[in-house]
Amino acid sequence: MSAPPRDRPTGMEIAVVGMGGRFPGAPDPAAFWRNLRAGADSLTRLTDADLDGAGVSAEERADPRYVRVRGVLPDYDRFDAGFFEMAAREAALLDPQQRLFLEVAWEALEDAGHDPARFGGRVGVFGGCGTAGYLAWLLSDPRRARSIDPIELRLATDRDFLTTRVSYKLGLEGPSVNVQTACSTALVAVHLACQSLRGG
């Protein structure tokens with residue numbers, strides 16, 4: 001039996017109805033697309049002051065192989081803890097990757113016009129994040145480290161809680177699947193989400 005023509009619906013199509021995202025030089029997917037179409041360079045050239053602030057040694061930056069360029073996300077430090085019903089301390093401990101993921105999940109729902117409280121179906125979350133240096137930074141100050149409960153610290157920084165936190169905070173009752181496959185995490189998460197939709 002031959003496969004149906006690609007332009008004929010099969011009933012297994014999946015529509016993208018909402019998007020959210022943050023990118024270097026672009027606060028949302030529309031701006032990111034405009035940058036791509038314009039061939040814009042969205043990387044930031046780092047000054048000596050930037051490198052001093054990041055703790056890069058003079059020896060390291062003198063190395064001819066050292067590249068003074070970085071992809072910087074806009075407004076990464078503008079998390080609205082109150083909006084997500086978080087105490088300021090909880091938000092401060094939360095890994096910035098997880099703050100952004102929570103914000104972008106909300107933005108995608110908004111863009112789709114889906115209010116989780118009134119949506120007729122179940123909404124799932126599939127995603128993953130990298131291991132960040134945020135935990136090490138939190139623990140680098142001995143006084144701060146002593147003031148943090150180990151369980152509180154684990155909940156705030158462990159990447160295993162990425163998707164379940166979003167499901168909990170946004171009242172989503174579909175599957176919540178955390179994916180960790182190194183460089184292919186995002187693509188595998190999309191694949192698994194599509195398989196979940198097709199499986200009902």
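This passage describes the nonpolar cores of a predicted model and the helix α5. Residues are numbered from 1 along each chain as its sequence is written. Local features need pLDDT of at least 70 and side-chain atom pairs pLDDT 80 or more, while totals for chains, interfaces and linings use all residues; side-chain values use heavy atoms, without hydrogens or water.

A nonpolar core is a set of buried Ala, Val, Leu, Ile, Met, Phe, Trp, Tyr and Cys residues joined through side-chain atoms within 4.5 Å. Buried means under 20% relative accessible area, with a 1.4 Å probe and protein chains only. The largest such core has 14 residues. Phe79, Met86, Leu102, Val166, Leu170 and Leu172 have the most contacts inside it. Two or more residues come from each of α5 (96–112) and α9 (162–170). Helices are DSSP runs of H or I, at least four residues, numbered from the N terminus. The largest share, three residues, belongs to α5. Apart from this core lies another, of six residues, including Leu93, Ile148, Leu153 and Ala156.

Helix α5 has 17 residues. Its first and last C-alpha atoms are 24 Å apart, close to the expected 24 Å, which is 1.5 Å times one less than the number of residues. At its start, a side-chain oxygen of Asp95 comes to within 2.8 Å of the backbone nitrogen of Gln97. Gly113 follows the helix, with a positive phi near 75°.

Buried residues of α5 include Leu100, Leu102, Val104 and Leu109. The buried residues of α5 pack against α4 (88–93), α6 (134–139), α8 (150–157) and α9. Beyond its neighbours within four places in sequence, Leu102 is in contact (heavy atoms within 4.5 Å) with Phe79, Phe84, Met86, Val166, Lys169 and Leu170.

Key. Buried means under 20% relative accessible area, exposed over 50%, partly exposed in between (1.4 Å probe, protein chains only). A polar contact is a pair of N or O atoms within 3.5 Å; within protein, one must be able to donate a hydrogen and the other to accept it, and residues adjacent in sequence count only if both atoms are side-chain atoms.
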